[in-house]
Amino acid sequence: MENTTWVANHTGRSDFDLVGLFSQSKHPTLLCVVIFVVFLMALSGNTILILLIHCDVHLHNPMYFFITQLSLMDVMSISVTVPKILMDQVMGVNKISAPECGMQMFLYLTLVGSEFFLLAAMAYDRYVAICHPLRYPVLMNHRVCLLLVSSSWFLGSVDGFMLTPITMTFPFCRSREIHHFFCEVPAVMKLSCSDTSLYETLMYLCCVLMILIPVTIISSSYSFILFTIHRMNSAEGRKKAFATCSSHMMVVILFYGASIYTYMLPTSYHTPEKDMIVSVFYTILTPVLNPLIYSLRNKDVTRALKKMLNVGSVLQETLK
């Protein structure tokens, strides 16, 4: 009978109420339309980027393989949260069952954790490409790339499998209102009527490791990269290397900055309104910005896009 904790959890109810974005907005319909447009932009932008990399042989190298995985994670992460938000607003409901909440939490933690380590793998890839260009084909062969990507997915899933069951088996004896627009761990933990201080400490240490290890790899990689760029004789080479790395650093700062606020700052710094704004930033806006950052600042991607558009226009002319 203890398994019913997942379903009814000490209250006789199986649903949570998501007190999300629209309850805080003076213009919920307009906000709903904006989020829907952003969602479509994220899906189309990341899908186009994946197709470009898949179809253009000039983009078949480790850097773009990692970008493909990043785009895939972005498509999945925004699909975990946004459709539920939009459907609830259209249907006029804001409930989510305990199993649905647990599944959403698990998928979200897995994808966020995987992206932490994938960004570290991308930084290592740039380090090898710029600091050891002659050994790059050997050090970053297809087998190594697959190992790095699969390790990122595995470590992310460990985070999901570790935190979700513990969070969802706490007794929820207080209000069932989650002051968030999806089931994020800190927001759900506030509903528990038991002492969660030990779990919160363990979760903090887990998040420190999940963020500290990738940040150490990223900062070390870019320290060596900046030193190598500074020693380059070619101004064109310096410009190209800096452009590639600055795109990645923009993504890293956006993603890790929001994650550190959510999972590592003390609760005294948090309010439901602030938490939702930060979560919107890295769950909804970051998946839109990533394809823009990697396409607009990347000549190879823009060249491949122009080539695809030219092929499309030629086919249209031929069909006419």
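Is C145 buried or exposed? In this predicted model, C145 has a relative accessibility of 3% and therefore counts as buried. C32 has a relative accessible area of 12%. Since the cut-off for burial is under 20%, C32 is likewise classed as buried.

A search of the whole structure returns one disulfide. The bond is formed between C101 and C183, with an S to S distance of 2.1 Å. C101 lies in helix α3, which spans residues 98–131. C183 is located in the loop between β3 (177–178) and α6 (185–189). The two cysteines are 82 residues apart, and the pair links distant parts of the chain. The torsion about the S-S bond is about -125°, so the disulfide is left-handed. Both ends of the bridge are shielded from solvent by the accessibility criterion: C101 is buried at 0% relative accessibility, and C183 is buried with a relative accessible area of 1%.

Helix α3, which carries C101, also packs against helix α2 (residues 62–91), the two axes coming within 10 Å. The axes cross at roughly 160°. Angles over 145 degrees count as roughly antiparallel, and α2 is therefore roughly antiparallel to α3. The crossing of α2 past α3 is left-handed. By residue class, the contact of α2 with α3 comprises 15 nonpolar, five polar and five charged residues.

Key. Residues numbered from 1 in each chain as written. Predicted model: local features only at pLDDT ≥ 70, side-chain atom pairs only at ≥ 80, totals over all residues. Heavy atoms only, no water. Disulfide = S-S within 2.5 Å. Helix = DSSP H or I, 4+ residues; strand = E, 2+ residues; numbered from the N terminus. Buried < 20%, exposed > 50% of the residue type's maximum accessible area, 1.4 Å probe, protein only. Axes fitted to C-alpha atoms, helices over the stretch in contact; angles between N-to-C directions. Parallel < 35°, antiparallel > 145°, perpendicular 65-115°, else oblique. Left-handed = near helix turned anticlockwise from the far one by under 90°. Nonpolar A, V, L, I, M, F, W, Y, C, P; charged D, E, K, R; others polar.
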